[in-house]
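I opened the model to look up its enclosed and open spaces, then its surface. My entries follow in the order I made them.

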Amino acid sequence: MKNWKLKAYGFLIYAFLYIPILVLIILSFNENRQSSVWTSFSLKWYGVLLQNEALWEAVWHSLVVAGWTAFIGTVLGTLTALGLARSRVPGRGLIEALLYLPMILPDIVLGVGGLIFFSAMGFTLGLTTILAAHVGMALSYVVLVLRARLAGMDQALEDAARDLGATPLQAFWHVTLPLLAPGIVAGALLAFTLSLDDFVLAFFMTGPGSNTLPIHVYSMLKKGLTPEVNALSTVLLAGTGLAVWLFQSLTAVGGRQKAKKMEGELTS
């Protein structure tokens, strides 16, 4: 009886989360401009979506900012996590507190603070300021993920590589970096997702001609909810699902190849 109740509760939770998404997908094929009134099946709004140049420009802006955020945030986050974990840095506690502060503070506080700072410094608001704000936000999450990964690593492996004649750079490249690779990939994906999905920071940091996708979608919603927004959400959902499927497939293929390699080594 307890198992049945647990399954029913889990089903209700998933239904609460995913039924609205299913409704959104269905309404994206509605010919009527009013999403709440179904008339007939149509791909009309996907054609309208493809012709919306401002929308695709916003998509490009979001992808560029998210890509650079993932790259810069992952590089800086990896170096920061290694420095905090492997060396005695003066004021380490203060540095860690400052790193984790963006995860605690509300986004609106960070947005207003960033706007005041960049305005006082005379920077022109645009993609560069959005990127700077997103890197500062993503850095905390990357460091947190990599610190957890470093905590589970055995320092003796790197020491053994140095005892066998490897230089510090060789030990890092051939031992530490491969062990950190899952955490680095996870941190990069997290930074990319946070940047792509962010609205509040981008809202305060954006300038003329530099709207990201969340800002553009918000401006579309102010004009009224149309199936074009539903079509855009469906495309984003399909793209996200495809990316997750490809990542899992590549991970599974890599795992099978590694298992075959280890099996061959053991056999020989």
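**Cavity.** I looked up the largest cavity and got a volume of about 30 Å³. The model is a predicted one. I found one cavity of 30 Å³ or more in the structure. I then listed what lines the largest cavity: Ser 62, Val 65, His 134, Ser 195, Leu 196, Asp 198, Thr 212 and Pro 214. Two elements, H3 and H8, each give two or more residues to this lining. Sorted by class, I have four polar residues, three nonpolar and one charged in the lining of the largest cavity.

**Pocket.** Next I turned to the largest pocket, which holds about 910 Å³ of space. I noted 27 lining residues, and those closest to the centre of the pocket are Phe 192, Leu 196, Leu 236, Gly 239 and Thr 240. Leu 196 was already in my entry on the cavity, as one of its lining residues.

I asked which elements give two or more residues to the lining of the largest pocket. They are helix H1 (2-27), helix H3 (53-86), helix H8 (168-197), helix H10 (213-222) and helix H11 (227-267). H11 supplies the largest share of the lining, 13 residues. By class, I wrote down 22 nonpolar residues, four polar and one charged for the lining of the largest pocket.

**Surface patch.** I then looked for nonpolar residues on the surface. A nonpolar patch there is formed by Tyr 9, Ile 13, Tyr 14, Phe 16, Leu 17, Tyr 18, Ile 21 and Leu 237. Together these residues have about 880 Å² of accessible area. I asked which element gives the largest share of the nonpolar patch. It is H1, with seven residues.

I picked Tyr 18 from the patch for a separate check. Tyr 18 sits in helix H1. Is Tyr 18 buried or partly exposed? Its relative accessible area is 48%, so I entered Tyr 18 as partly exposed; the class of exposed residues begins over 50%.

**Gly 47.** My last entry concerns a glycine. I placed Gly 47 in helix H2, residues 44-50. Gly 47 has a relative accessible area of 29% and is therefore partly exposed, as buried would mean under 20%. I also looked up a pair that is distant in sequence: Gly 47 and Ala 231 are 184 residues apart along the chain, and their C-alpha atoms are separated by 9.5 Å.

Methods: Residues are numbered from 1 along each chain as its sequence is written. This is a predicted model: local features need pLDDT of at least 70, side-chain atom pairs count only at pLDDT 80 or more; totals for chains, interfaces and linings use all residues. Side-chain values use heavy atoms; hydrogens and water are left out. On a 1 Å grid over the protein atoms alone, a cavity is a set of points where a 1.4 Å probe fits but cannot get out, and a pocket is an open set with protein on both sides within 12 Å along at least five of seven lines; lining residues have an atom within 4 Å of a point. Grid points are joined across faces, edges and corners, and a volume is the space filled by probe spheres set on the points. Helices (H or I, at least four residues) and strands (E, at least two) are DSSP runs, numbered from the N terminus. Ala, Val, Leu, Ile, Met, Phe, Trp, Tyr, Cys and Pro count as nonpolar, Asp, Glu, Lys and Arg as charged, and the others, Gly among them, as polar. Patches are made of residues with over 30% relative accessible area and no salt bridge: like charges are joined within 9 Å, nonpolar side chains (Val, Leu, Ile, Met, Phe, Trp, Tyr) within 5 Å. Accessible areas come from the Shrake-Rupley method with a 1.4 Å probe; for residues, only the protein chains shown count as cover. A salt bridge is a side-chain nitrogen of Lys or Arg within 4 Å of a carboxyl oxygen of Asp or Glu. Buried means under 20% relative accessible area, exposed over 50%, partly exposed in between (1.4 Å probe, protein chains only).
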